[in-house]
Amino acid sequence: MTHDKPHIMLVEDEIHLARGICFNLEEEGCRVSHFDSGEKALVTLEVEHFDLIILDVMLPGMDGFQVCRAVRKLDPRVPILMLTARSEDSDRVEGLENGADDYLTKPFNLVEFLLRVKGMLRRSSWYRPEPVEEGYRFGDNEVFLLSYRARTAQGEIDLTEMEVRVLALFFQKEGEIIPRGELLQSVWGYTSDTETRTLDNFIVRLRRYFEPDPGKPVHFQTVRGVGYRFNRQA
């Protein structure tokens, strides 16, 4: 039996919140499978495909960060939206560094939540890069987009789906200023006016991977008030 509806995994132990999320997502035409622990979710993920995972940070047993890392070992491409009651930037960055694609802080606005979900599910209209040379070199780095890995001055690293998408867009538009809205729309599937710090946190992470001095970037440059620009040559 095939399903046309997007299938969403919700990992949330607050039962009342979970019921509300499930109801609203189902009203939007989605199928939702709810799990109250990361361990149960991971068992199912080994045998079933999902179009999106909505993952709470504060879970019994394995926390959301641990679950996120485990999910990425099973599936590097499934979009992950993390829900957190924590407002500190360090916690949000930790979620992204563990493989999440975006986050929302509780309590969140329902309309904003649904817009984020719709954007992340819009995979078919997401930016699909033309093949970029395997072994793209800049500075002391070499990036292998097709195999999701890179060699840097610090050693070899694995890349997530979203990191590959951001890098592919930068490589194809080398030297051009890419507006924030274009990056959000092309890579995340969001509208250009979506308010999120996720993009900025991704750029910080890329600088830490690839820049000789992340505090003085020469490859991934900020164009204040507009967006970002990638320079292959330092």
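This talk walks through some helices, salt bridges and backbone details of one structure.

Let me say at the outset that what we are looking at is a predicted model, and that the residue numbers I use run from 1 along the chain as its sequence is written.

I would like to begin with helix 2, which spans residues 38-45, and in which Gly38, Ala41, Leu42, Thr44 and Leu45 are buried. These residues lie on the same side of helix 2, because the arc they cover around the axis is only 160 degrees. As general background, an α-helix has 3.6 residues a turn, so residues three or four places apart point the same way. What do the buried residues of helix 2 pack against? Their partners are strand 1 (7-11), strand 2 (31-35) and strand 3 (52-56), together with helix 3 (64-74).

Next, I turn to the packing of two helices against each other. In general, such a pair is described by the angle between the two axes and the distance between them. For helix 6 and helix 8, the angle is about 80 degrees and the axes are 11 Å apart, which means that helix 6 is roughly perpendicular to helix 8. On the side of helix 6, the contact is made by Met162, Glu163, Val166, Leu167 and Phe170, while helix 8 brings Phe202, Ile203, Arg205, Leu206, Tyr209 and Phe210. If we sort the residues of this contact of helix 6 with helix 8 by character, we find nine nonpolar, no polar and two charged.

Helix 6 also takes us to the salt bridges, of which a search of the whole structure finds 19. Within helix 6 (residues 161-172), Arg165 and Glu161 lie four residues apart, about one turn of the helix, and they form a salt bridge whose closest N and O atoms are 2.8 Å apart. Are these two residues buried or exposed? Both Arg165 and Glu161 are buried.

Helix 8 takes part in a salt bridge as well, this one between Arg208 and Glu97, where the closest N and O atoms are 1.8 Å apart in the model. This pair links distant parts of the chain, since Arg208 belongs to helix 8 (residues 198-210) and Glu97 to helix 4 (residues 89-97), 111 residues apart. Arg208 is partly exposed, with a relative accessible area of 39%, and Glu97 is likewise partly exposed, with a value of 39%.

A further group deserves a moment, namely Arg137, Glu142, Arg149, Arg151 and Glu156, which are linked in a network of salt bridges. One of the pairs to look at here is Glu156 with Arg151, whose side chains meet in a salt bridge at 3.4 Å, N to O. Glu156 counts as exposed, because its relative accessibility is 51% and the cut-off for that class is over 50%, whereas Arg151, at 36%, counts as partly exposed.

Finally, I will mention two details of the backbone. Where in the model is the cis peptide bond that joins Lys106 and Pro107? Pro107 sits in the loop between strand 5 (102-105) and helix 5 (110-121), and the omega of the bond is about -10 degrees. The other detail concerns Tyr148, which has a positive phi of about 60 degrees although it is not a glycine. Tyr148 is placed in the loop between strand 7 (141-144) and strand 8 (149-152), and with a relative accessible area of 14% Tyr148 is buried.

Note on methods. This is a predicted model: local features need pLDDT of at least 70, side-chain atom pairs count only at pLDDT 80 or more; totals for chains, interfaces and linings use all residues. Side-chain values use heavy atoms; hydrogens and water are left out. Buried means under 20% relative accessible area, exposed over 50%, partly exposed in between (1.4 Å probe, protein chains only). The arc is that of the directions from the helix axis to the C-beta atoms. Contact means heavy atoms within 4.5 Å. A salt bridge is a side-chain nitrogen of Lys or Arg within 4 Å of a carboxyl oxygen of Asp or Glu. Axes are lines fitted to C-alpha atoms, for helices over the stretch in contact, and angles run from 0 to 180 degrees between N-to-C directions. Angles under 35 degrees count as roughly parallel, over 145 as roughly antiparallel, 65 to 115 as roughly perpendicular and the rest as oblique. Ala, Val, Leu, Ile, Met, Phe, Trp, Tyr, Cys and Pro count as nonpolar, Asp, Glu, Lys and Arg as charged, and the others, Gly among them, as polar.
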